[in-house]
Amino acid sequence: MSAEAVGMHMPAVVTLDDVAAMNAADPNGHRYETSPEGVLSVMPPPDSEHAMIASRLFAWLIMAGWPADQVLQAAGVRISGPDGDGGRIPDLTVWRKPPARSVWAAVADVVLVVEIVSPGSEAMDSVTKVREYASAGIPQYWVVDRDGAQTVTLHRLGADGTYEERARMPLAWLLQTVPGDHLD
């Protein structure tokens, strides 16, 4: 479909319900997200390396005793802003208690959001989402780079409402620790 055809069929304002419908209808596995300001983002389907990183983190948390219904892959979260609500689909989320069944869960009980950087998403994951997740009050945000070491940057929400970098380490090192060393 051409960009012109897509533009003719797009609503003037894309709601979270529209984004959910786009995610459900995409036959190719793209992820559709929107910022609180209404900026629509389309991410390609995760590749095998991305899936392996997410699976390793998921297994690490579960094996350490975190309940499986509180560690979710690709669960939508509602990000509120001054201009309205946006919806993001982090690669992994960790919750204090299982979230209510919803396409766009409230972030009140989110402990951690993890994003695995994909080609082309570097600025989104290291600038835009840092700002959005911090303004939503999510206590911790980890970014996994796809460099040779799969470097994980651990951010914690500071008293001023912005993230402070707590540590950077290769994923293999992180997985040799206990999640309780990093999560409240």
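In this predicted model, strand 9 (residues 151-157) and strand 10 (residues 163-170) lie side by side in the antiparallel sense, joined by seven bridges. Within this pairing, Thr153 has Arg168 of strand 10 as its bridge partner, and Arg156 stands opposite Glu164. The two strands form a hairpin with five residues between them, and in the turn Gly161 adopts a positive phi of about 85°.

Strand 9 also pairs with strand 8, again antiparallel, through five bridges. Here Arg156 of strand 9 appears once more, this time opposite Gln140. Strand 8 and strand 9 form a hairpin too, with six residues between the strands, and Gln150 has a positive phi near 50°. How many residues of strand 9 are buried? Five of the seven are, so strand 9 is largely enclosed by the rest of the structure.

Helix 3 (residues 48-63) offers a handy check on helix geometry. With 16 residues at 1.5 Å a residue, a span of 22 Å is expected, and the end C-alpha atoms are indeed 22 Å apart, which agrees. The buried residues of helix 3 are His50, Ile53, Ala54, Leu57, Trp60 and Leu61. Viewed down the helix axis, these residues fall within an arc of 125°, so they line one face of helix 3. A simple rule helps in reading such a pattern: an α-helix has 3.6 residues a turn, so residues three or four places apart point the same way. Ser48, Met52 and Met63 are exposed, on the face of helix 3 turned away from the buried side.

What do the buried residues of helix 3 pack against? Their partners are strand 3 (71-73), strand 6 (92-95), strand 7 (110-116), strand 8 (140-144) and helix 5 (171-174). Strand 8 therefore has two roles in this description, since it packs against the buried residues of helix 3 and pairs with strand 9, which is largely enclosed. The ends of helix 3 have details of their own. At the start, a side-chain oxygen of Asp47 comes to within 3.3 Å of the backbone nitrogen of Glu49; just after the helix, Gly65 has a positive phi of about 105°.

Helix 2 (residues 16-25) can be read in a similar way. Leu16, Val19, Ala20 and Met22 are its buried residues. They cover an arc of only 160° around the axis, which puts them on the same side of helix 2. The face turned away from that side carries the exposed residues Asp17, Ala24 and Ala25. The buried residues of helix 2 pack against strand 1 (31-34), strand 2, strand 4 (77-81) and strand 5 (84-88).

Thr34, in strand 1, gives a closer view of this region. Is Thr34 buried or exposed? With a relative accessible area of 2%, Thr34 is buried. Among the residues that Thr34 touches are Leu16 and Val19, both of them buried residues of helix 2. Thr34 also touches Val39, Leu40, Gly86, Gly87 and Arg88, and its side chain reaches the backbone oxygen of Val39 at 3.4 Å. Leu40 belongs to strand 2 (residues 40-43) and counts as partly exposed, at 30% relative accessibility. Leu40 and Gly87 are 47 residues apart in sequence, yet their C-alpha atoms are 9.5 Å apart in space.

Finally, an unreviewed UniProt entry lists residues 22-168 as "domain: Putative restriction endonuclease". Over these residues the chain is 23% helix and 34% strand, with the end C-alpha atoms 35 Å apart.

Methods. Residues are numbered from 1 along each chain as its sequence is written. This is a predicted model: local features need pLDDT of at least 70, side-chain atom pairs count only at pLDDT 80 or more; totals for chains, interfaces and linings use all residues. Side-chain values use heavy atoms; hydrogens and water are left out. Two strands pair if DSSP finds at least two bridges between them. Helices (H or I, at least four residues) and strands (E, at least two) are DSSP runs, numbered from the N terminus. UniProt positions are given in the numbering used here, feature names are shortened, and annotations may be inferred rather than shown by experiment. The expected span of a helix is 1.5 Å times one less than its number of residues. Buried means under 20% relative accessible area, exposed over 50%, partly exposed in between (1.4 Å probe, protein chains only). The arc is that of the directions from the helix axis to the C-beta atoms. Contact means heavy atoms within 4.5 Å. A polar contact is a pair of N or O atoms within 3.5 Å; within protein, one must be able to donate a hydrogen and the other to accept it, and residues adjacent in sequence count only if both atoms are side-chain atoms.
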